[in-house]
Amino acid sequence: MPKTIGSFPDDDIFITVVRGFARARMIREVIRVPDMVSKFGKAVPSLTLFNTILDVLVREDIDIAREFYWKKMMGSGVKGDDYTYGILMKGFCLTNRIGDGFKLLQVMKNHGVKVNVVVYNTLIHALCNNGKVGRARSFMNEMEIFSDVTFNIMILAYCNESNLVQALVMMEKCFRNGFVLDVVALTKTIELLCNAGRISEAVEVLERVEAKGGTHDVVVYNTLLKGFVKAGKVREGCGFLQEMEMRGCLPNTGTYNVLIEGFCESRMFESALDMFHEMKRVGVLWDFVTFETLIHGFCSDGKILDGLKVFELMHEDKRGCGCRIAPYNSILYKDTRLDKVFEFLNYMRNSFPGASNRSFMILQSSEEGDVDVAKQILDKMKECGDVPSAPIYASLIQGYCKKGCMREAVELMNEIIGLGFYPVPLTFNGLIRGFCQQGKAGIAVRLIED
């Protein structure tokens, strides 16, 4: 067979070799590729080849890349272009060496290299990532041209700082320059407006972006729906379901979960169930959040039987439970009858034997007045990743109250609230009785008022 085909390798072949070495993490060999070029009769490697090598080195180590640029590239007499400087700028900014990035920018200007918008955007992005949003805003004044990326970076930065005013100012400037928000900047802006209770403005922003040809997705609509729910306007939020479909954006499981949660918070349980059944009718899958939201909603309102019905549906649905303890705790939340608590804890044993057994031990220790042992078991339970149910906390709080340990009792009550459960009347009764027995009627009265 012939040992040669009689032709010299071109740039494409050398670039392929560079990428092969890069994938194999053979960085030393990547650096030696320009030396290979001279062996095939070419005096100087091309700028394209040098840029390819530089791009590989920047991802590996910016210092190696910079040394290669000065010694190999500049030493060969090859002058870099705007792409070369863009690669180096990316390397400096990825390693948060923003000072070196600005020095490189000055070098570009001194060498008469036209600074393109990508280089400016790279620096702006680095400044914003390092919390220097004001400096990034000032730096924009030096730019001769902008792109949509420029404005989206700045809008996101202001949103991450919860600076709604500046985010909206930047959005208006974006529109005036003929650009539109991308889907991420749009989502964050709508979220910030909704958090501030400015729902109508959020809807207006969405409509303006759509009118200007901007893109949106289901996450944008779900964010807007969360705003409606937070403002107590879940009915108005429902109106967006059909609107989403008309605009080519199909609701997903998250969309329905937001609305179900809103209806439960507004105690409109029939509407929550309608949403639940509509999901099945239109082919949107239920998930764990769907079931847990309904179960928690029903049980928090004392509708234990309705919560149990949904609980049974969850177990019939293979995707529903996911072996998580939260639905069990929701069922136990308002049913403080000890016989029912014991019955359900026994039912839990199949799925959560550890949590069930420790719950029994806490109840027994609290009943016997051994609250220190009960608290140790509770701490162990939390260390194992299990979330104790409301009756377990209630029994321990009552145990502390009987012993006059009111500070510990209040700490546990605050812990319940932190888990999203409002203390049951039995818990409050124990606390009020305990404070009254200690002659602290004022604190007891404040608890009643709260």
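This section describes the overall make-up of a predicted protein model and the surroundings of three of its residues.

The secondary structure of the predicted model comprises 26 helices and 0 strands. The protein has 450 residues, of which 46% are buried. An accessible surface of about 23,100 Å² is presented by the protein, and 52% of this surface is supplied by carbon and sulfur atoms. With regard to contacts between residues at least 6 apart in sequence, 57% link residues that are at least 24 apart.

Two of the residues examined lie in or beside helix α9. T150 is located within this helix. The relative accessibility of T150 is 0%, and the residue is therefore classed as buried, the cut-off being under 20%. When residues up to four places away in sequence are set aside, T150 is in contact with V117, N121, I124, M140 and M143. One of these residues, N121, also forms a polar contact with T150: the two side chains are joined at a distance of 2.6 Å. The buried position of T150 is thus accompanied by a side-chain polar contact to N121 as well as by contacts with residues including V117, I124 and the two methionines M140 and M143.

N163 occupies the loop that connects α9, spanning residues 148–160, with α10, spanning residues 164–176. N163 has a relative accessible area of 26% and is partly exposed, because this value falls between the 20% limit for buried residues and the 50% limit for exposed ones. A polar atom of the N163 side chain is placed 3.2 Å from the backbone nitrogen of Q166. Apart from neighbours within four places in sequence, the contacts of N163 are with Y158 and L192. For the pair N163 and L192, the separation along the sequence is 29 residues, and the C-alpha to C-alpha distance is 8.6 Å. The loop residue N163 thereby combines a polar approach to the backbone of Q166 with contacts to Y158 and L192.

The third residue, V289, belongs to helix α17, which covers residues 288–300. V289 counts as partly exposed because its relative accessibility is 42%, a value between the limits of 20% and 50%. Along the chain, V289 and G254 are 35 residues apart, and their C-alpha atoms are separated by 8.7 Å.

In terms of accessibility, the model thus places T150 of helix α9 among the buried residues, whereas the loop residue N163 is partly exposed and V289 of helix α17 is likewise partly exposed.

Technical notes
Residues numbered from 1 in each chain as written. Predicted model: local features only at pLDDT ≥ 70, side-chain atom pairs only at ≥ 80, totals over all residues. Heavy atoms only, no water. Helix = DSSP H or I, 4+ residues; strand = E, 2+ residues; numbered from the N terminus. Buried < 20%, exposed > 50% of the residue type's maximum accessible area, 1.4 Å probe, protein only. Contact = heavy atoms within 4.5 Å. Polar contact = N/O pair within 3.5 Å; in protein donor to acceptor, adjacent residues only side chain to side chain. Areas by Shrake-Rupley, 256 points an atom, 1.4 Å probe, with all protein chains shown as cover.
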